[in-house]
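User: I've just opened this one and could use a walk through it. Can we go step by step?

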Amino acid sequence: MNKNQNPVSKKKTIFYGWIIVACVFVILFVSFGSAYSFSTFFESLQMEFDTSRSSVSFVFAIAGFLYFSLGALSGQIADRFGSRRVIIFGVIVVSISLLLASRVKTIWQIYTVYGLGIGIGIGFAYAPSMGVVQRWFMKRRGLASGIAVTGIGLGTLGMPVFSAALIHWSDWRTAYLVMSILVFTCGVSAAVLITDSPEKRGLVPDGDEIKADTLNTSQETFKTNATGIREISLKDALRTKQFWLLYTGSFSFGLGLFIPFVHLIPFSNDLGLPNATAVMLFSLIGVGSTVGRFLLGSIADKIGRRLSLVIMYAGAAATFAWWLAAANVWQLAIFSLIYGACYGGYVAILPAVAADYFSGPNISGVIGMLITSVAVGNLIGPPIAGFIFDLLQSYTIPIFASIITSLFAAACAFALEEPDKWRESYLHSTA
């Protein structure tokens, strides 16, 4: 072997980027799993505080709005001060919120310690976690993102079952206490292993081999030559057409995104299906989502992540059209599985697509700003659908509107330029 081409190390080890993915998986599993376990506490909280369903439901609405909207702030803080500190802070806030929830005496205290606490905690953990994953991968970015956010899907499936068992074994207060300990132990342990970028470990994205002569260059030259990355600030990103196409598409899709999560069970009940069947149909969204996050991210790396985002949006529109005509269990089951896969694919692919355009040291801030688009949809989509149903006793208009907004999102994604071509043109014009 030519001495000038000797790699720094001949020893084959696991690329640390996959350790990062595993850590983010754990963080998202315990944090989102705790948030989505709220439904298992619903009846206990309603009975404990003798309050209405809408009053208890508002607790989750607060949390959901916050953890999507705060990414714009937490992402920028992580880019400036380091992701590890911000993620650890977020995980600790989630843990403390669950601990305090076990001691509350009024429903207003639940609003404060759970609605605000869980929202703030996840808001400071999610965007920085996803930003870290994007920095460690380029060629396999879709697969890495898909595996990482599978933690949300499996957490949504597993943590509610765990919390329900705790409530059955003891009571809801003890369940919150145990979950608090679990989040702190697992979440913080995973977060301390986070490293912001492969450069800080003398590596490059995807685990590609570094040549010995590469390390003799300056750090700045290393960043440019070894990774091919040049810095695009959040301020710069906000001035581009590509960012706003991504944002507008995500916002449009988000308007209908959460309607099935809230209204599929009552829709099924209206068809005369028993509640147990309706709950089973709802759980199939989680199954489809988990599969979609894992498989579709990998497929996206092969066929193109921008094109895959178009397909996710268009696929969601098609499944909404299927839902509009669904009238029995098997038709709703197909809807739940395929819609879940489209939703899971969207969650996995969107951060990866954002990184394809704006990769660099400011990617957490870009992703955080981008996911604020989902916060608005989470806040207004399901309530508007419920309001229309109260007026017309039908979900036809909300579902049809979701078809239109999903198709518009697909059009926005289709209008994006190819990432490599756009980056080359943009960086050349700003050089």
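Here is a set of questions and answers on the model.

User: Before we start, what kind of model is this, and what average pLDDT does the protein have?

Analyst: It's a predicted model, where local features need pLDDT of at least 70, side-chain atom pairs count only at pLDDT 80 or more, and totals for chains, interfaces and linings use all residues. Residues are numbered from 1 along each chain as its sequence is written, and side-chain values use heavy atoms, with hydrogens and water left out. pLDDT is the predictor's confidence in each residue, from 0 to 100. Here 89% of the residues score at least 70, and the average is 84.

User: Which helix has the lowest confidence?

Analyst: Helices here are DSSP runs (H or I, at least four residues; strands are E, at least two), numbered from the N terminus. At the high end sits helix α18 (residues 396-414), at 96, while the lowest mean, 38, belongs to helix α9 (residues 219-227). Over residues 211-229 the pLDDT is below 50, though the model still gives that stretch 31 contacts beyond near neighbours in sequence (contact means heavy atoms within 4.5 Å). Where pLDDT is low, the predicted coordinates should not be read in detail, and the helix to treat that way is α9.

User: How many helices and strands does the protein have?

Analyst: Among contacts between residues at least 6 apart in sequence, 84% join residues at least 24 apart. Of the 431 residues, 55% count as buried (under 20% relative accessible area; exposed is over 50%, partly exposed in between, with a 1.4 Å probe and protein chains only). As for the count, the protein has 19 helices and 0 strands.

User: How far apart are the end C-alpha atoms of helix α17?

Analyst: The expected span is 1.5 Å times one less than the number of residues. Helix α17 covers residues 372-392, 21 residues, so it should span 30 Å. The model agrees with that, as the end C-alpha atoms are 31 Å apart.

User: Where is the kink in α17?

Analyst: A bend is the angle between axes fitted to the seven residues ending at a residue and the seven starting there. In α17 there's a kink of about 25 degrees, shortly before the proline P382. Both that proline and the kink residue are on the list of buried residues in α17. The kink lies at N378.

User: Which residues does S394 touch, leaving out those up to four places away in sequence?

Analyst: S394 lies in the loop between α17 and α18, and it's partly exposed, with a relative accessible area of 25%. Its side chain makes a polar contact with the side chain of T396 at 3.0 Å; that term means a pair of N or O atoms within 3.5 Å, where within protein one must be able to donate a hydrogen and the other to accept it, and residues adjacent in sequence count only if both atoms are side-chain atoms. Beyond four places in sequence, S394 touches I388 and F389.

User: Is T240 buried or exposed, and which residues is it in contact with beyond four places in sequence?

Analyst: T240 sits in the loop between α10 (234-237) and α11 (241-257). Its relative accessible area is 5%, so T240 is buried. The T240 side chain also reaches the backbone nitrogen of F243 at 3.2 Å. Beyond four places in sequence, its contacts are F358, W422 and Y426.

User: Which helices does the salt bridge between R135 and D79 tie together?

Analyst: A salt bridge is a side-chain nitrogen of Lys or Arg within 4 Å of a carboxyl oxygen of Asp or Glu, and R135 and D79 meet at 2.6 Å, N to O. R135 is buried at 12% relative accessible area, and D79 also counts as buried at 19%. The two are 56 residues apart in sequence, so the pair ties together helix α6 (residues 107-136) and helix α4 (residues 71-81).

User: Which residues are linked in a network of salt bridges?

Analyst: The whole structure holds 9 salt bridges. In one of them, D356 pairs with R141, the closest N and O atoms being 2.8 Å apart. That pair links helix α15 (residues 329-358) with helix α7 (residues 141-169), 215 residues apart. The network is made of R141, D301, R305 and D356.
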